[in-house]
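Trainee: Could you choose one part of this model and take me through it closely? I would like to see how you get from a single residue to its wider setting.

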Amino acid sequence: MSSQRMLDRIRHDKRIWAHRVLTKHDQNPFFRVMKSVNAPVVDVEDRSVIMLGSNNYLGLADHPLVRAGAAAALDKYGATVTGSRLLNGTISLHTELEEALADWHGTEQALVFTTGYQANLGGISALCGVGDTIIVDSAAHASIYDACRLSRATIRAFRHNRVDLLEEKLSRSTGVVMVVVDGLYSMHGDLAPLDEIAAVCEKYDAALFVDEAHSVAVMGAKRTGAAELFGIEDDIDARMGCLSKGLGSSGGFVAGSKDIVDAMRVHARTFLFTTAGVPAALGAALASVQLMQTEEGAERATRTLANARYLHDGLVAAGVDVHAPSPLPDGTDMVSPIVPVNVRDDLRTVNTWRKLWDAGIFASAAMFPAVARDGALLRLCVQPDHTTTQLDYVVEQMGLFLGENSSTSEAAPAEVGAALAAPAPASV
């Protein structure tokens, strides 16, 4: 490497050091290699595990109709389009999918991006710029914050789901203002109070951009997401969604008015300057969107939410610290497909992840900076085809490791604890 200063900086980066230490001791929850199809049970490296770390919320990643959609697109268009949407990258599947998404969401238009990350990055930065203000929930996804920085607008954050603090910031903002929130937050699995947020946005003439990445295909009568669940679809300027989670494919989209979509079509850099999504992903996504508007789609969403409630209530009964359900405007509450287990300590999170791994359970670990420094957690995500037997086993094991009477003693090598708790050493 030509730059010794850059190499020195890399070698003194604590996060790189921690990654290497965790990998060395086989304690790393990240970058595990999947060796079979995304399903309730997955072959991961040297074992089969109950998969609770996947965003395959509706189990569509291996659905026969979705596979058939991908295969037909591959046969017709080949492996890739080799170009951006601006030039030679737009194929008929793009326009069919965009029309289907707009019709499903009841909007004038929709625009498909290669990834969900790019949908946020391009969509938000296309709508706001220098001199504008973006007000964002403190727990919003990293792609949202990156989009705000790319826009070069003034960024103001408010404490998670605190509508009173959002209003306080709106009352002191002038010019073009846009509020950006997640419909369903990916770490804590909680819903934004979208009805209240939409009301204060209207009061102060602020645009509202909602990230429905984790809620689309799961929530609402038509399963378009949290906005529909709260009955405020018409009060939102732009609704972003992922094709790579509940819809079992790959990509992202933004649905909105013709004005909103045209602004993205000509200004979104992540739309204009990247290769369009591969045809197989588009064919799979179109099949998924069509499937979610059938009785089977409704039934899958119902089973997913029922499994989430079953897992959540079982963990509570086992004395495990889980997040409370999200309140809804009608006085009921909802457990989302994301069931987070609070651990609050990075070392204990890694150790518990490893115990679950040894027990044949794959969970997702979340530690700083994905969550607050004292907010480490294990994120459990259900699918419609998880059985009660599988979920009961997960509850049993979680109770042993994190229940009220569980032992807090840890057996990780000292170097792992040091990597998670202390600054990096002088050399690695």
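**From a loop residue to the sheet and its helices**

Mentor: Happy to! Glu 45 has a relative accessible area of 28%, so Glu 45 counts as partly exposed, between the 20% limit for buried and the 50% limit for exposed. Please keep in mind that this is a predicted model. Glu 45 sits in the loop between β1 and β2 (47-51), and its phi is near 55°, a positive value in a residue other than glycine. You can set Asp 26 beside that: its phi is near 55°, also positive in a non-glycine residue. Asp 26 belongs to the loop between α2 (14-24) and β1 (41-44), and it is partly exposed, with 33% relative accessibility.

Another backbone feature takes us further along the chain. Phe 368 and Pro 369 are joined by a cis peptide bond, with omega about 10°. Pro 369 is found in the loop between β14 and β15, so let us look at those strands. β14 and β15 (residues 377-381) run antiparallel and are joined by 3 bridges; Ser 364 stands opposite Arg 379 in β15.

These strands belong to an open sheet of 3 strands, in the order β12-β15-β14, with antiparallel pairing. Because β12 (338-342) and β14 (364-366) each have a single partner strand, they stand at the edges, and one side of each is left without a neighbour in the sheet. On average, neighbouring strands here are turned by 30° against each other, direction ignored.

Now add the helices. Helix α13 (residues 295-317) lies across β12 and β15, running at about 15° to β12. Helix α14 (residues 346-358) lies across β14 and β15, at about 40° to β15.

For the nonpolar residues, begin with the largest core, which has 62 residues; Leu 97, Val 179 and Leu 194 are among those with the most contacts inside it. Leaving aside neighbours within four places in sequence, Leu 194 is in contact with residues including Val 181, Val 210, Phe 230 and Ile 232. A second, separate core has 31 residues, including Leu 311, Val 320, Phe 362 and Val 382.

For a helix-helix comparison, try helix α5 (residues 116-127) and helix α6 (residues 142-151): their axes come within 8 Å and cross at roughly 35°. That crossing is right-handed. Among the contact residues are Tyr 117 and Ile 124 of α5, and Ile 144 and Leu 150 of α6. The residues of this contact divide into 7 nonpolar, 4 polar and 1 charged.

Notes: Residues are numbered from 1 along each chain as its sequence is written. This is a predicted model: local features need pLDDT of at least 70, side-chain atom pairs count only at pLDDT 80 or more; totals for chains, interfaces and linings use all residues. Side-chain values use heavy atoms; hydrogens and water are left out. Two strands pair if DSSP finds at least two bridges between them. Helices (H or I, at least four residues) and strands (E, at least two) are DSSP runs, numbered from the N terminus. Axes are lines fitted to C-alpha atoms, for helices over the stretch in contact, and angles run from 0 to 180 degrees between N-to-C directions. Contact means heavy atoms within 4.5 Å. A crossing is left-handed if the near helix is turned anticlockwise from the far one by less than a right angle, and right-handed if clockwise. Ala, Val, Leu, Ile, Met, Phe, Trp, Tyr, Cys and Pro count as nonpolar, Asp, Glu, Lys and Arg as charged, and the others, Gly among them, as polar. A nonpolar core is a set of buried Ala, Val, Leu, Ile, Met, Phe, Trp, Tyr and Cys residues joined through side-chain atoms within 4.5 Å. Buried means under 20% relative accessible area, exposed over 50%, partly exposed in between (1.4 Å probe, protein chains only).
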